[in-house]
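Let's take a walk through this model, one region at a time. Have the viewer open as you read.

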Amino acid sequence: MQLQTSLEIIQLEAVAKEEENVRFAAFLKQQTEQQVDEKVQHLNLLIEKEIDCTACGNCCKTLMINVTDNEADRAAGRLKLNRDEFDRRHLEKGSHGMMLINTIPCHFLNENKCTIYEDRFEGCREFPALHLPSFVKRLFTVLMHYNRCPIIFNVVEELKKETGFSN
Ligand code: SF4
Ligand code: SF4
């Protein structure tokens with residue numbers, strides 16, 4: 001399996017394949033959810049171990065990260081800050097009381113490594129979320145990240161081959 005890890009090429013490919021991906025999404029919606037999930041989870045296992053996230057770090061450089069109260073307490077404790085100080089330095093309030101990391105790239109990324117790795121937030125742990133069920137229902141979000149995450153890009157491209165999608 002030949003994997004693409006260049007973010008530059010992935011971004012160009014994403015533009016070139018925009019219409020193809022719309023057709024692929026429609027094609028996948030005709031498959032059974034379980035069959036697609038099995039293929040995606042299998043490909044994800046093969047591909048994620050071949051991709052070095054510390055050579056990429058693009059999710060931490062480009063995504064808005066939600067933080068819950070408990071997560072903020074834990075990260076504040078790790079950084080030996082009280083919550084007010086942690087919130088003042090690192091968080092901003094979004095709509096409906098939602099809290100977000102107040103910088104993109106994330107403050108906690110240093111040389112492509114997370115400096116609070118063991119206490120990183122749920123959204124960070126889950127991304128790119130290809131191990132989760134209901135891939136087809138989440139396609140809109142997955143394809144939104146197709147141009148930024150080499151794991152997603154390669155899983156989607158291999159899934160096209162595995163499902164016999166003709167582009
Ligand atoms: S907390 Fe860590 S894993 Fe999450 S976005 Fe920041 S650097 Fe990345
Ligand atoms: S999850 Fe995707 S975007 Fe994030 S570091 Fe790994 S390959 Fe890059």
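Start with Lys80, which counts as exposed because it has just 8 C-beta neighbours inside 10 Å. The scale behind that word runs like this: 20 or more other C-beta atoms within 10 Å of a residue's own make it buried, 12 or fewer make it exposed, and anything in between is partly exposed, with C-beta atoms placed from the backbone. Lys80 sits in the loop between helix H5 (69-78) and helix H6 (83-90), and it has a positive phi of about 55° although it is not a glycine. As a rule, most residues other than glycine have a negative phi, and most peptide bonds are trans.

Before going further, some housekeeping. This is a predicted model, in which local features need pLDDT of at least 70 and side-chain atom pairs count only at pLDDT 80 or more, while totals for chains, interfaces and linings use all residues. Residues are numbered from 1 along each chain as its sequence is written, and chains are lettered from A and ligands numbered from 1 in the order in which they are written.

Now zoom out. The protein has nine helices and five strands; helices (H or I, at least four residues) and strands (E, at least two) are DSSP runs, numbered from the N terminus. Read from that end, the elements go α-α-α-α-β-α-α-β-β-β-β-α-α-α. The C-alpha atoms fill a box of roughly 55 × 30 × 25 Å along the principal axes, and 23% of the 167 residues count as buried. The domain assignment (bounds of this kind come from an automatic or database assignment) gives domain 1 (7-54 + 128-162) and domain 2 (64-126). Their C-alpha centres lie 27 Å apart.

Helix H9 (residues 150-162) is a good place to look next. Its 13 residues reach 18 Å from first C-alpha to last, close to the 18 Å expected at 1.5 Å a residue, where the expected span is 1.5 Å times one less than the number of residues. Since 10 of the 13 residues are buried, H9 is largely enclosed by the rest of the structure. Among the buried ones are Ile152, Phe153, Val155, Val156 and Leu159. What covers them? Helix H1 (7-16), helix H3 (33-48) and helix H8 (139-144) are included in the cover over the buried residues of H9. Just after H9, Gly164 takes a positive phi of about 75°.

H9 also leads to ligand 2. The shell there includes Cys53, Cys56, Cys59, Arg148, Cys149, Pro150 and Ile151, a residue being near a molecule or strand if its C-beta atom, placed from the backbone, lies within 6 Å of it. Helix H4 (58-62) and H9 are the elements that give two or more residues to this shell. By class, the shell divides into nine nonpolar, two polar and one charged; here Ala, Val, Leu, Ile, Met, Phe, Trp, Tyr, Cys and Pro count as nonpolar, Asp, Glu, Lys and Arg as charged, and the others, Gly among them, as polar. Phe127 and Pro128 belong to the shell too, and the peptide bond between them is cis, with omega near 5°. Pro128 lies in the loop between helix H7 (122-126) and H8.

Over at ligand 1, the surrounding residues include Cys60, Cys106, Phe108, Cys114, Ile116 and Cys124. This shell has nine nonpolar, no polar and one charged residues. Follow Ile116, found in the loop between S5 and H7. With 17 other C-beta atoms within 10 Å, Ile116 is partly exposed. Leaving aside neighbours within four places in sequence, Ile116 is in contact with Ala75, Arg78 and Phe108, contact meaning C-beta atoms, placed from the backbone, within 7 Å.

Finally, the sheet. Three strands form an open sheet in the order S1-S3-S2, with antiparallel pairing. Strand S1 (66-67) and strand S2 (91-93) stand at the edges with a single partner strand each, so one side of each is left without a neighbour in the sheet. S1 and strand S3 (residues 99-101) pair over two bridges, and DSSP must find at least two bridges for strands to count as paired. Val67 stands opposite Met99 in S3. Past S3, Pro105 lies in the loop leading to strand S4 (109-110), and the peptide bond from Ile104 to Pro105 is cis, with omega near -5°.

Definitions and conventions. Contact = placed C-beta atoms within 7 Å.
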